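Student: I am new to this structure, and I would like to look closely at a single part of it. Could you start from one residue, follow its contacts outward, and explain how the surroundings fit together?

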Amino acid sequence: MAMALTLSHAMSRLSLFHQNSQIPPNTNTTTSIHPLRFPKPNNDLLTLKTTTFIPNNTHYAPLLTRPRATAQPQSEGIVTKKGQQDSYAEARAIGRYIPMSANKARRAIDQIRGRSYEESLMILELMPYRACDPILKLVYSAAANASKNMGLNEASLIVSKAEVNEGPTRKKARPQARGRIHPIRRRSCHITVVLKDTSL
């Protein structure tokens with residue numbers, strides 16, 4: 001009898017506990033977030049402003065204040081391979097690998113440096129040196145370049161530059177007695193003649 005009362009008393013208390021433990025429905029209108037979905041990020045928080053700070057006492061400071069280089073119009077002239085600018089009032093002729101010693105060619109070309117075109121022709125025709133023949137051809141060629149290509153007057157031309165540079169040397173050998181040989185050196189040179197118009 002006692003066991004029956006105890007069991008009925010426990011069942012009544014359990015029913016009261018279930019009635020008091022009921023949670024009322026949620027009346028809020030807030031939307032729930034799916035556990036696998038993330039909320040939309042705020043763009044204002046993601047924008048970063050990067051600034052570069054370069055102190056004035058460093059070696060980069062002059063680069064910041066330096067003006068940007070602009071293309072400048074080039075003056076009239078001919079730009080060579082070395083970047084030097086030649087005037088239109090000059091015409092040149094270059095003879096390469098002339099089979100002659102540079103010292104023998106300088107002996108003749110020193111006589112026409114700084115002289116006029118007509119005077120140089122007269123000196124080269126009357127000098128008894130073998131080097132006068134190739135030098136005379138170069139003076140004729142430089143004068144033809146000045147008159148045909150640049151439209152300059154041959155009467156107003158002077159030899160502004162005349163130089164001789166050494167070229168390659170061919171080495172040979174001549175057999176001698178008792179199995180000996182004597183060396184033979186075939187020297188060459190490069191001759192440059194520049195004519196300048198004095199009327200400009």
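Tutor: In this predicted model, Thr 192 touches Ala 93, Ile 94, Ile 109, Lys 161, Ala 162 and Glu 163, once residues up to four places away in sequence are set aside. Thr 192 itself is found in strand E7, and with a relative accessible area of 9% it falls under the 20% cut-off, so it is buried.

Staying in the strand that runs from 189 to 197, we can turn to Cys 189, whose contacts, apart from neighbours within four places in sequence, include Gly 95, Arg 96, Tyr 97, Ile 98, Met 100 and Ser 101. The list for Cys 189 also takes in Ala 102, Ala 105, Val 164, Asn 165, Glu 166 and Gly 167. Three of these partners deserve a separate look.

Ser 101 lies in the loop between E3 and H4, and it counts as buried because its relative accessibility is 18%. Beyond the residues up to four places away in sequence, Ser 101 touches Arg 187 as well as Cys 189.

Gly 167 sits in another loop, the one between E4 and E5, and its relative accessible area of 18% means that Gly 167 is buried too. Not counting residues up to four places away in sequence, Gly 167 touches Ser 188, Cys 189 and His 190. Gly 167 and Arg 96 are separated by 71 residues in sequence, yet their C-alpha atoms are 7.9 Å apart in space.

Tyr 97, the third partner, has its place in strand E3, but it counts as exposed because its relative accessibility is 56%. Its phi is near 55°, a positive value in a residue other than glycine. Most residues other than glycine have a negative phi. Arg 178 is another residue of this kind, with a positive phi near 60°; it lies in the loop between strand E5 (170-175) and strand E6 (181-186), and at 82% relative accessibility it counts as exposed.

What does strand E7 belong to on a wider view? The largest nonpolar core has 32 residues, and those with the most contacts inside it are Ile 109, Ile 135, Val 139, Cys 189, Ile 191, Val 193 and Leu 195. E7 is one of the elements that each supply at least two residues of this core, together with E3, H4, H5, H6 and E4. The largest share, 8 residues, comes from H6. In soluble globular proteins, nonpolar side chains tend to be buried together.

Helix H6 is therefore worth following along its length: its 18 residues, 132-149, should span 26 Å at 1.5 Å a residue, and its end C-alpha atoms are 25 Å apart, which agrees. Buried in H6 are Cys 132, Pro 134, Ile 135, Leu 136, Leu 138, Val 139, Ala 142, Ala 143 and Ala 146. An α-helix has 3.6 residues a turn, so residues three or four places apart point the same way. The buried residues of H6 pack against strand E7, and also against strand E3 (90-98), helix H4 (102-109), helix H5 (117-126) and strand E4 (157-166). Lys 137, by contrast, has its place in helix H6 but is exposed, because its relative accessible area is 56%. Just after H6, Gly 151 takes a positive phi of about 70°.

Among these partners of H6, helix H5 can be described in detail. The axes of H5 and H6 come within 9 Å and cross at roughly 160°, and that makes H5 roughly antiparallel to H6. The contact is made by Tyr 117, Leu 121, Leu 124 and Glu 125 on the H5 side, and by Cys 132, Ile 135, Leu 136, Val 139, Tyr 140 and Ala 143 on the H6 side. The crossing of the two helices is left-handed.

To place this part within the whole, the protein chain has 6 helices and 7 strands, which follow one another along the sequence as α-α-α-β-β-β-α-α-α-β-β-β-β. Buried residues make up 24% of its 200 residues. Of the contacts in the chain with a separation of 6 or more, 65% are between residues 24 or more positions apart.

Key. Residues numbered from 1 in each chain as written. Predicted model: local features only at pLDDT ≥ 70, side-chain atom pairs only at ≥ 80, totals over all residues. Heavy atoms only, no water. Helix = DSSP H or I, 4+ residues; strand = E, 2+ residues; numbered from the N terminus. Expected span 1.5 Å × (residues − 1). Buried < 20%, exposed > 50% of the residue type's maximum accessible area, 1.4 Å probe, protein only. Contact = heavy atoms within 4.5 Å. Core = buried A, V, L, I, M, F, W, Y, C linked by side-chain atoms within 4.5 Å. Axes fitted to C-alpha atoms, helices over the stretch in contact; angles between N-to-C directions. Parallel < 35°, antiparallel > 145°, perpendicular 65-115°, else oblique. Left-handed = near helix turned anticlockwise from the far one by under 90°.
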